[in-house]
Structure formats: structure tokens, C-alpha cells
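Subject: Structure for you, with notes

Hi,

Here is the structure I promised to pass on. Have a look at it first, then read my notes below.

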Amino acid sequence: MRKVLIVSDTHGSFTSWQRLKSLVGQVDELYHLGDVLYHGPRNPIPEGYDPARLAEALRNENLFLVRGNCDADVDLLVLGISEAPKILTVSFGRISFVMSHGELFESDEQMLNVLEKHNAQVLFYGHTHVPRFEWLGSKLIVNPGSLSLPKSQSEPGFVLIHAEETVEITLISLSGKIVKEVSL
């Protein structure tokens, strides 16, 4: 079984990363939806802000990165990544996914258009720091929220995917509580 972790908006918090890893352990793949190391000019400095240690930890993962609006070329350099696309498509089992940081989307209609364009069933995005797990017709829209700087009184969160014959998608808070889940 393939175990996949999806996170977004860590903003340099090594402490949040350590909490997450103590919950999930080893994973086969890590997809980061952007805003990895820098807290950004509009955000406070998160608890445990240590972008160098976070970068070192992430280099030990099978990391795939979607570039966020706070990710600079130097971030990619210290992460050991040569390029990070704005949109990434991937399949887990028989299900196709689109991943993006999310700053490109101003409406649900734009999200659905991207899914249609890429012939995908599920969209993962970050940027808002607010978790979302919602069906729009036959398409699933998922935002894990921010691992370090949650907004709108949400908890820090992440997504785990277990893929084999079926694909289980689970939105989990950093406290370990299952928020929502689905099996496709």
C-alpha cells in the first residue's frame, strides 16, 4: 500500500513538522503544496520557525513540491529541488489529482475548470490556511489547511492518502483528529 502525505503552508516551522512526523511516521511520498520555508510578509513568524532545519528534514523525504507564492529560488536551492511547477498532476491508483498552491484560484469555477482541463477527479490546494474537504458535483476539492499558521479558527492540518485498489483520502488535524475522509 502506498502511503502519501500532503501538506501546505509550513512557513518554516520545524516544530510543526516534528509534530506531524511523530503522528504519521514514514511515508512513501510527500507532496508539499507550497509556502515551505519563508513565513511571508503578511504572516507572523510561526512557532518553531527554523527554515534551515525544516529544509534539512524535507531533503530526507521523497519530496514533490508545488511552488507557492512565498517560495523563492533560494528555497528550492536549499531544498535540493531544481524546479517546482505551479500545477502538478499525479495519479494514485486509478484516481487522477491536480495539485496547486491555490493563489491562482479566485473561484470554485476556476478550480473545476483546472480539473476538467487535466481530466482529474480531485484538486488539492493550499494558500488559504483554511481546511476544506468538499464535493463540487463529482469533483473533490481538498485543502489541508496550514501546518503552522492556521486561519479562521481552524486547527493545523494535513492529508494522508492510502492507495492500493481503493484510494483513501483523510483530512487530519495536527492533534490527530480525523476531520473528514473518503474512499474512492
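A word on terms before the details: I say two residues are in contact when they have heavy atoms within 4.5 Å. Please keep in mind that this is a predicted model, so local features need pLDDT of at least 70, side-chain atom pairs count only at pLDDT 80 or more, and totals for chains, interfaces and linings use all residues. Numbering starts from 1 along each chain as its sequence is written, and side-chain values use heavy atoms, with hydrogens and water left out.

Let me start with Lys139. Leaving aside neighbours within four places in sequence, Lys139 is in contact with Leu112, Leu115, Glu116, Ala120, Gln121 and Glu134. Lys139 counts as buried because its relative accessibility is 13% (buried is under 20% relative accessible area, exposed over 50%, partly exposed in between, with a 1.4 Å probe and protein chains only). Its side chain reaches the backbone oxygen of Ala120 at 2.9 Å. Lys139 sits in strand β8, residues 139-143. Strands here are DSSP runs of E with at least two residues, helices are runs of H or I with at least four, and both are numbered from the N terminus.

Where does β8 fit in? It belongs to an open, mixed sheet of five strands, ordered β4-β5-β6-β8-β7. β4 (87-92) and β7 (132-136) are the edges: each has a single partner strand, so one side of each has no neighbour in the sheet. On average, neighbouring strands are turned by 20 degrees against each other, direction ignored. Strands count as paired if DSSP finds at least two bridges between them. β6 (residues 122-125) runs parallel to β8, with three bridges joining them, and Leu123 stands opposite Ile141 in β8. β4 and β5, in contrast, pair antiparallel over six bridges. Phe92 has Ile95 in β5 as its bridge partner, and in this hairpin, with two residues between the strands, Gly93 takes a positive phi near 60 degrees.

Helix α4 (residues 108-117) lies across β4, β5 (95-100), β6, β7 and β8, at about 115 degrees to β8. For such angles, axes are lines fitted to C-alpha atoms (for helices, over the stretch in contact), and the angle runs from 0 to 180 degrees between N-to-C directions.

The other lysine I looked at is Lys86, in the loop between α3 (73-79) and β4. Lys86 has 35% relative accessibility and therefore counts as partly exposed. Its side chain makes a polar contact with the side chain of Glu103 at 2.4 Å. A polar contact is a pair of N or O atoms within 3.5 Å; within protein, one must be able to donate a hydrogen and the other to accept it, and residues adjacent in sequence count only if both atoms are side-chain atoms. Not counting residues up to four places away in sequence, Lys86 also touches several others, including Val66, Arg67, Met99 and His101.

Elsewhere, helices α1 (residues 14-24) and α2 (residues 51-59) have axes that come within 8 Å and cross at roughly 35 degrees. Phe14, Trp17 and Gln18 in α1 meet Arg53, Leu54, Ala57 and Leu58 in α2.

Finally, the whole protein: there are four helices and 11 strands, and 52% of the 184 residues count as buried. The C-alpha atoms fill a box of roughly 40 × 35 × 30 Å along the principal axes.

Cheers
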